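Good morning. Please have the sequence and the structure open while I talk.

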Amino acid sequence: MKIVFATNNAHKLAEINDILGDGFEIVSLNDIGCHEDIPETGATLEENARQKTAFVAGKYHHDCFADDTGLEVEALNGEPGVHSARYAEGTDHDSEANMEKLLRKLGNNNNRKARFRTVISLILNGEEHQFEGRVDGTIAFERQGSEGFGYDPVFVPDGYDKSFAELGEEMKNRISHRARAVAKLAEFLKSR
Ligand code: IMP
């Protein structure tokens with residue numbers, strides 16, 4: 001089964017190919033000649049993920065899936081959420097600036113509850129299906145660790161006393177929001 005993953009992130013592609021194994025060919029946007037910036041203007045992770053798959057399915061007529069992830073902090077009414085990549089004004093994927101803004105806004109607030117949420121939209125034979133993965137945790141008072149990316153140094157998953165950036169890739173990939181969403185997608189695809 002050939003499916004487009006609406007990304008050019010080599011790491012994400014390798015991860016999903018690894019999980020799905022033989023019988024599936026997962027290709028990137030580059031592989032189908034899609035070099036456009038796909039709009040991501042939705043108000044929710046669900047809308048953004050669907051925008052990407054609707055764009056690819058509508059224009060390139062391929063089965064496809066797309067993911068969208070956000071960090072949702074309870075004391076900040078779910079911020080940065082859908083704005084996670086560009087939380088600090090005037091920046092784009094600037095993790096240092098994003099974490100600085102998050103820690104500043106939380107200040108000494110004792111409610112540090114947060115969760116990462118990944119939503120995957122899949123369009124298969126013209127029908128959309130969504131899968132969600134989440135991991136609950138808390139926001140540390142300062143950055144801890146240097147592995148990973150994004151908000152990893154400030155996110156401590158429940159049940160651990162280390163941040164994602166301290167736990168390392170292997171452990172993170174066993175429990176992360178993305179791993180959980182991808183596992184649901186894989187289970188669904190394998191059942192078809
Ligand atoms: P995307 O939807 O995968 O592009 O993620 C959007 C933004 O959420 C990224 O730019 C990161 O700031 C943040 N993010 C997503 N996944 C993770 C993660 O696993 N750890 C830390 N930050 C993440």
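**The ligand and some backbone details**

I start at the ligand: one of its oxygen atoms lies 3.0 Å from a backbone N or O atom of Thr 69. Before I go on, note that this is a predicted model.

Two other residues make polar contacts that I want to point out. Tyr 151 also uses its backbone, with a polar atom there 3.1 Å from a nitrogen atom of the ligand. His 177 uses its side chain, where a polar atom lies 3.0 Å from an oxygen atom of the ligand. How much of the ligand does the protein bury? Taken alone, the ligand exposes 480 Å², and the protein buries 89% of that.

Which residues come nearest to the ligand? There are 14 residues around it, and the nearest are Lys 12, Thr 69, Asp 152, Lys 172 and Arg 178.

Let us stay with Arg 178. You will find Arg 178 in helix H6, which covers residues 177-190. Is Arg 178 buried or exposed? Arg 178 is buried, and yet it has no salt bridge. The nearest side chain of opposite charge belongs to Asp 67, and it is 4.5 Å away. A salt bridge has to be within 4 Å, so that distance does not count as one.

What does Arg 178 touch, leaving out residues up to four places away in sequence? The list is Lys 12, Glu 15, Asp 67, Thr 69, Thr 118, Phe 149 and Lys 172. Lys 12, Thr 69 and Lys 172 were also named a moment ago, among the residues that come nearest to the ligand.

Now the backbone, in three loops. In the loop between strand E3, residues 64-73, and helix H3, residues 95-106, look for Pro 80. The peptide bond that leads from Glu 79 into Pro 80 is cis, and its omega is near -5°.

Next is His 61, in the loop between helix H2, residues 45-60, and E3. His 61 is not a glycine, but its phi is positive, near 55°. His 61 counts as exposed because its relative accessibility is 65%, and the cut-off is over 50%.

Last is Asn 125, in the loop that joins strand E4, residues 113-124, and strand E5, residues 127-139. Asn 125 is another residue other than glycine with a positive phi, here near 50°. Its relative accessible area is 64%, so Asn 125 is exposed.

Definitions and conventions. Residues numbered from 1 in each chain as written. Predicted model: local features only at pLDDT ≥ 70, side-chain atom pairs only at ≥ 80, totals over all residues. Heavy atoms only, no water. Helix = DSSP H or I, 4+ residues; strand = E, 2+ residues; numbered from the N terminus. Buried < 20%, exposed > 50% of the residue type's maximum accessible area, 1.4 Å probe, protein only. Lys, Arg positive; Asp, Glu negative; His and termini not counted. Contact = heavy atoms within 4.5 Å. Near = heavy atom within 4 Å. Polar contact = N/O pair within 3.5 Å; in protein donor to acceptor, adjacent residues only side chain to side chain. Areas by Shrake-Rupley, 256 points an atom, 1.4 Å probe, with all protein chains shown as cover.
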